[in-house]
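Open the structure in your viewer and keep the selection box at hand. Each stop below tells you what to select and what to look for there.

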Amino acid sequence: MSDLRDLVDTQVQRWVRTDIQKLAAYPVPDATGLIKLDAMENPYTWPDALRHEWADWLGRTDVNRYPHPDAPKVKAGLREVMNIGEEWDILLGNGSDELIQLIAMALAGTGRTILAPEPSFVMYRMIAQYLDMDYVGVPLTANFELDLETMLAKIEREQPALVFLAQPNNPTGNLWGDEKLRRIIEAAPGLVVLDEAYTAFTQADYLGWLEDYPNLLIMRTLSKVGLAGLRLGILIGHPSWIEQVNKLRLPYNINSLTQLTATFALEHFEVFEQQTRELVTLRSDLYQALKALPGLTVFESEANFLLVRTEPGQAPVIHQALKDAGILIKKLDGAHPLLADCLRINVSSPEENSALVQALQGILG
Ligand SMILES: Cc1ncc(COP(=O)(O)O)c(C=O)c1O
């Protein structure tokens with residue numbers, strides 16, 4: 001067996017791109033048995049009656065057939081709940097992760113650059129690496145605001161094919177302000193994607209900006225509102241852009257069960273809206289509770305998570321102590337210089353939020 005292993009390794013080293021060999025796969029920690037506050041999920045499941053009705057729908061699906069290639073019912077449901085006008089087209093992805101990849105593939109090429117403020121969503125950089133594109137991360141200020149002058153200078157110098165702006169931003173949770181965003185979109189020579197993954201938790205809404213800019217696409221997801229398991233990302237924009245990106249989509253990328261479940265869930269979207277409204281209220285409660293703890297700086301958030309900064313060197317200690325107490329949060333310390341001593345915590349149900357606060361009280365003394 002070890003002979004085979006050696007032979008395989010030789011083949012791998014010879015044939016797999018050397019830059020890919022150096023990469024690490026996206027890490028997802030095991031959360032078995034833990035209160036899971038690390039991945040921006042909605043903590044609530046569905047009311048029982050809805051679950052039974054859904055199970056009934058699923059039971060009548062024929063999975064021997066390929067799914068509808070264009071998922072028209074899902075798109076109709078999305079148009080309705082998100083108020084997407086007929087003048088825009090929609091492209092669906094296996095999560096918005098897949099859409100980021102498809103957009104980047106459409107624009108990739110020698111010397112082509114992806115630019116994004118940093119810290120932001122890590123897949124922008126990772127997908128640039130997968131596609132062997134250049135990636136330029138422009139640091140936010142120490143307060144995680146957008147450094148407009150530096151952004152504009154970098155855009156001028158690098159002429160990026162693609163700019164990603166996550167609003168609210170992950171992992172900082174904040175908005176950067178309409179004026180700055182407009183200046184960036186206007187200065188960008190290429191495509192700008194406004195990533196509204198957390199749109200359900202903020203009043204900010206940039207869909208209307210599609211009218212103003214020929215180089216803008218809006219990206220959303222159903223993951224954060226309570227359907228993370230479905231993997232359904234949504235790209236909205238002018239038909240000419242969507243037509244090109246759609247060519248790179250693999251056939252049948254949205255499977256039958258996802259199409260059916262999404263259609264059903266969109267018909268009952270008030271359930272998810274109610275849950276997200278509640279999470280917004282719980283966010284301010286958790287913000288106050290964390291702020292009252294010694295040694296934590298808490299940043300204001302427009303998303304379903306809070307970024308906190310610990311005393312120097314304490315983030316890994318607190319992260320591990322919470323894990324020992326049965327609670328998983330995200331350690332950001334070490335991920336980017338601006339995130340030194342930072343942790344990211346999901347806003348969850350009242351019970352899980354108080355379990356977290358209690359555990360932190362014990363740890364921080
Ligand atoms: C800003 C942002 N965009 C996109 C995504 C990806 O979402 P999904 O692939 O679940 O649709 C995330 C997930 O954390 C995110 O934070």
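Select Asp56: at 45% relative accessibility, Asp56 counts as partly exposed (buried means under 20% relative accessible area, exposed over 50%, partly exposed in between, with a 1.4 Å probe and protein chains only). Now add Arg60, which is exposed, with a relative accessible area of 60%. The side chains of Asp56 and Arg60 meet in a salt bridge, 3.3 Å from N to O (a salt bridge is a side-chain nitrogen of Lys or Arg within 4 Å of a carboxyl oxygen of Asp or Glu).

Before the next stop, note that this is a predicted model, in which local features need pLDDT of at least 70, side-chain atom pairs count only at pLDDT 80 or more, and totals for chains, interfaces and linings use all residues. Residues are numbered from 1 along each chain as its sequence is written, and side-chain values use heavy atoms, with hydrogens and water left out.

**More salt bridges**

How many salt bridges does the structure hold? There are twelve. Select Arg220 and Glu196, whose side chains form one of them at 2.8 Å, N to O. Arg220 lies in strand 7 (residues 216–221) and Glu196 in the loop between strand 6 (191–195) and strand 7, so the pair ties together parts that are 24 residues apart in sequence. Helices (H or I, at least four residues) and strands (E, at least two) are DSSP runs, numbered from the N terminus. Are these two partners buried or exposed? Arg220 is buried at 4% relative accessibility, and Glu196 is buried at 1%.

Next, select Lys36, Asp38 and Glu41, which are joined into one network by salt bridges that share partners. Within it, the side chains of Asp38 and Lys36 meet at 3.1 Å, N to O. Asp38 counts as buried, at 9% relative accessibility, whereas Lys36 counts as partly exposed, at 32%.

**A nonpolar patch**

Show the surface and select Leu4, Leu7, Val8, Val12, Val16 and Ile20. These residues form a nonpolar patch with about 450 Å² of accessible area together. Patches are made of residues with over 30% relative accessible area and no salt bridge; like charges are joined within 9 Å, and nonpolar side chains (Val, Leu, Ile, Met, Phe, Trp, Tyr) within 5 Å. The areas come from the Shrake-Rupley method with a 1.4 Å probe, and for residues only the protein chains shown count as cover. Which helix gives the most to the patch? Helix 1 (residues 2–15) does, with four residues. Leu4 is in helix 1 and counts as partly exposed, at 46% relative accessibility.

**Two helices and their cover**

Select helix 4 (residues 72–82), where Val74, Lys75, Gly77, Leu78, Arg79 and Met82 are buried. Their cover includes strand 2 (89–93), strand 7, strand 8 (233–237) and helix 11 (256–267); the contacts behind this are heavy atoms within 4.5 Å. Step just past the end of helix 4 to find Asn83, which takes a positive phi of about 60°.

Move on to helix 13 (residues 315–324), with Ala315, Ile318, His319 and Leu322 as its buried residues. Look down the axis of helix 13: its buried residues fall within an arc of 100°, so they line one face of the helix. That arc is taken from the directions from the helix axis to the C-beta atoms. Among the elements that cover these residues are strand 13 (342–346) and helix 14 (350–364). Just after helix 13, Gly326 has a positive phi of about 90°.

**Two buried residues**

Select Asn174, in the loop between strand 5 (162–166) and helix 8 (178–187). Asn174 counts as buried, at 10% relative accessibility. Its side chain has a polar contact of 2.6 Å with the side chain of Thr172, and it reaches the backbone oxygen of Phe144 at 2.8 Å. A polar contact is a pair of N or O atoms within 3.5 Å; within protein, one must be able to donate a hydrogen and the other to accept it, and residues adjacent in sequence count only if both atoms are side-chain atoms. Leaving aside neighbours within four places in sequence, the contacts of Asn174 include Asn143, Gln167 and Glu300.

Finish at Tyr287 in helix 12 (residues 269–291). Tyr287 is buried, with a relative accessible area of 13%. Not counting residues up to four places away in sequence, Tyr287 touches Val298, Phe299, Glu300 and Leu306. Add Leu307, 20 residues from Tyr287 along the chain, and check the C-alpha atoms of the two: they are separated by 9.6 Å.
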